[in-house]
Amino acid sequence: MRDFEYFKPSTVAEATSLLAKYKEEAKVIAGGTDLLVEVKENRIRPKYLINIKTIPGLDYISYDAEEGLRIGALTTIRALLKSTELRQRYPIISQAASQFGCAAIRNVATLGGNLCNAVPSADTAPGLIGLSARAKIAGPDGERIVPLEDFFTGSGSTVLKTGEILVEIEVPVPPANTKGVYLKYAIRGTNELAVIGVAVVVTLEPKDKVCKDVKIVLGNVAPTPMRARSAEEIIRGKRIDEAIIDSCARAASDEAHPRSGSIRASPEYKKAMVKVFTKRALREAVA
Amino acid sequence: MKQVIRLVVNGETYEVIVKASETLLDVLRDKLRLTGTKEGCDTGKCGACTVLIDGQAVRSCLTLAVSVEDKEITTIEGLAKGEELHPLQQAFIEHGALQCGFCTPGMILTAKAFLDENPTPTEDEVKEAIAGNICRCTGYSSIVEAIQEAAVAMDKTAQQ
């Protein structure tokens, strides 16, 4: 690896001021499982590496019955997986964590890193977008909050400006009768980037399986995780049965616009898989 | 820029001079001459470089040495107690769970971290636990059997 200068800031303010000082020549490192691969393969050539993993106070999962969930950006995927709070209240997040690589990756990879690396297949993104999560960002000028759905601007890019880092993900309390499912499809099981990912978050009316609200979020079929809004329209307000699930899955497949030239799968195959996995996710969500 | 760091490996403290960009894998092998840990893909995909840090499995090829100062690092060399092999090592031998042996250190350490947390796994849980470690030679079934047997032996010792 090309050498770099290495910093271990002990506060968010120190980190953001280093980033503001060194601008595009600096990169943030947390778990390092994405970043170091990119450095080794010469896709990025940072002169300065800012290790934020040792900044205290950014590794937490806390829930409040009114405010909802707050997850620190340095929370490891392992911690997400092990959290009984998440398994009980936000199981779609646990489900995404369980399909995230293997233990050795989960042990060091962070939620913030997965989101900020911003690959279109990021496994933590679709479920959180489906839950209407918000991203809290800290920078030299203070903090700001951005809906996670608007956080991603393209493959590998986010709204983070020079000097900013992601510090927290906030998730509101879901409405009653809400269930979320995230399914990842990859050839080598969970141990590679998703071919496609599908997250479905459904809120049902108290009886009759009528859909009160739904979010369907697709991973790796566009430059960023994307809402399948036409598919959502088909289901919203309707009683969910096999026929509706089928129409919805078709619509999601039509909406997906994966690029050609991917090493993982052709666009036709990805669209076909969107249909399969949207169906499976919807069935699981209303079971 | 080089700096001196303290690495604690298998209970021993070493002072090494490293560049910030040197991985733990490179330092273990080239500076500490602990060549049990292997470089397979160097990008975190194959598992051959797996070591334990504070008891948890980690890809040493994706770990900067400067970032693990003073943490407890365990390599394959740290498993046996003198002449006495760890139950996992013993079981791997008895079940023929290695041929070329290249994946083996990473596989055994991954299994150890897994069993330390889940002492009575199902066969499916064992398979899932080693899904991040690629083996070219054995076809995995002997590895799974070895881990299942070691689990029993380790659990028995823990109960005593």
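A residue counts as buried when 20 or more other C-beta atoms lie within 10 Å of its own. The exercises below use that cut-off on a predicted model.

**Exercise 1. Check helix α3 of chain B: what span should its 14 residues have, and which of them are buried?**

Solution.
- Step 1: take the bounds. Helix α3(B) runs over residues 104-117.
- Step 2: compare the spans. At 1.5 Å a residue, the helix should cover 20 Å, and its end C-alpha atoms are 20 Å apart, so the two agree.
- Step 3: count the burial. Twelve of the 14 residues are buried, so α3(B) is mostly covered by the cut-off of 20 or more C-beta atoms.
- Step 4: list them. The buried stretch begins with Thr104(B), Pro105(B), Gly106(B), Met107(B), Ile108(B) and Leu109(B). Thr110(B), Ala111(B), Lys112(B), Ala113(B), Phe114(B) and Leu115(B) complete the set.

**Exercise 2. Describe the fold of chain B: in what pattern do its helices and strands follow, and what is its radius of gyration?**

Solution.
- Step 1: count the elements. Chain B has five helices and five strands.
- Step 2: read along the sequence. The pattern is β-β-α-β-β-β-α-α-α-α.
- Step 3: test the compactness. The radius of gyration of chain B is 16 Å, and the globule rule gives 15 Å for 160 residues; the values are close, so the chain is as compact as a globular protein of that length.
- Step 4: add the box. Along the principal axes, the C-alpha atoms fill roughly 50 × 35 × 25 Å.
- Step 5: look inside. Of the 160 residues in chain B, 48% are buried. Among contacts with a separation of 6 or more, 60% join residues 24 or more positions apart.

**Exercise 3. Split chain B into its domains: where are the bounds, and how many residues does each side give to the contact?**

Solution.
- Step 1: set the bounds. The domain assignment gives domain 1 (2-78) and domain 2 (87-159) of chain B.
- Step 2: place the centres. Over C-alpha atoms, they are 22 Å apart.
- Step 3: count the contact. Domain 1 of chain B gives 16 residues, and domain 2 of chain B gives twelve.
- Step 4: find the elements. On the domain 1 side, β3 and β4 (56-59) of chain B each give two or more residues. β3(B) gives the most, with three residues.
- Step 5: sort by class. That side of domain 1 of chain B has seven nonpolar, eight polar and one charged residues.

**Exercise 4. Do the same for chain A: which element gives the largest share of the domain 1 side?**

Solution.
- Step 1: set the bounds. Chain A divides into domain 1 (1-173) and domain 2 (178-286).
- Step 2: place the centres. They lie 24 Å apart, taken over C-alpha atoms.
- Step 3: count the contact. In chain A, 23 residues of domain 1 meet 23 residues of domain 2.
- Step 4: find the elements. α5 (91-98), α8 (125-130) and β8 (152-154) of chain A each give two or more residues to the domain 1 side. The largest share, five residues, comes from α8(A).
- Step 5: sort by class. The domain 1 side in chain A has 13 nonpolar, eight polar and two charged residues.

**Exercise 5. Follow helix α11 of chain A: against which elements do its buried residues pack?**

Solution.
- Step 1: check the length. α11(A), residues 267-286, has 20 residues and reaches 28 Å, close to the 28 Å expected.
- Step 2: pick the buried residues. They include Met273(A), Val274(A), Phe277(A), Ala281(A), Leu282(A) and Ala285(A).
- Step 3: name the partners. The buried residues of α11(A) pack against β11 (178-185), β12 (196-204), β13 (211-219), α9 (229-235) and α10 (242-255) of chain A.
- Step 4: zoom in on one contact point. Val200(A) touches residues including Ala281(A), Leu282(A) and Ala285(A).
- Step 5: connect to the core. Val200(A) is among the residues with the most contacts inside the largest nonpolar core, which has 145 residues.

**Exercise 6. Examine Asn220(A) and Asp42(B): where does each lie, and is each buried or exposed?**

Solution.
- Step 1: recall the rule. Most residues other than glycine have a negative phi.
- Step 2: read the angles. Asn220(A) has a positive phi of about 70 degrees, and Asp42(B) has one of about 65 degrees.
- Step 3: locate them. Asn220(A) is in the loop between β13 and β14 (226-227) of chain A. Asp42(B) is in the loop between α1 (24-31) and β3 (50-53) of chain B.
- Step 4: apply the cut-off. Asn220(A) has 33 other C-beta atoms within 10 Å, so it is buried. Asp42(B) has 20, so it is buried too.

Methods:
Residues are numbered from 1 along each chain as its sequence is written. Chains are lettered from A and ligands numbered from 1 in the order in which they are written. This is a predicted model: local features need pLDDT of at least 70, side-chain atom pairs count only at pLDDT 80 or more; totals for chains, interfaces and linings use all residues. Helices (H or I, at least four residues) and strands (E, at least two) are DSSP runs, numbered from the N terminus. The radius of gyration is taken over C-alpha atoms; the globule rule is 2.2 Å times the number of residues to the power 0.38. Two residues are in contact if their C-beta atoms, placed from the backbone, lie within 7 Å. A nonpolar core is a set of buried Ala, Val, Leu, Ile, Met, Phe, Trp, Tyr and Cys residues joined through C-beta atoms within 7 Å. The expected span of a helix is 1.5 Å times one less than its number of residues. Domain bounds come from an automatic or database domain assignment. Ala, Val, Leu, Ile, Met, Phe, Trp, Tyr, Cys and Pro count as nonpolar, Asp, Glu, Lys and Arg as charged, and the others, Gly among them, as polar. Lists of a residue's contacts leave out its neighbours within four places in sequence.
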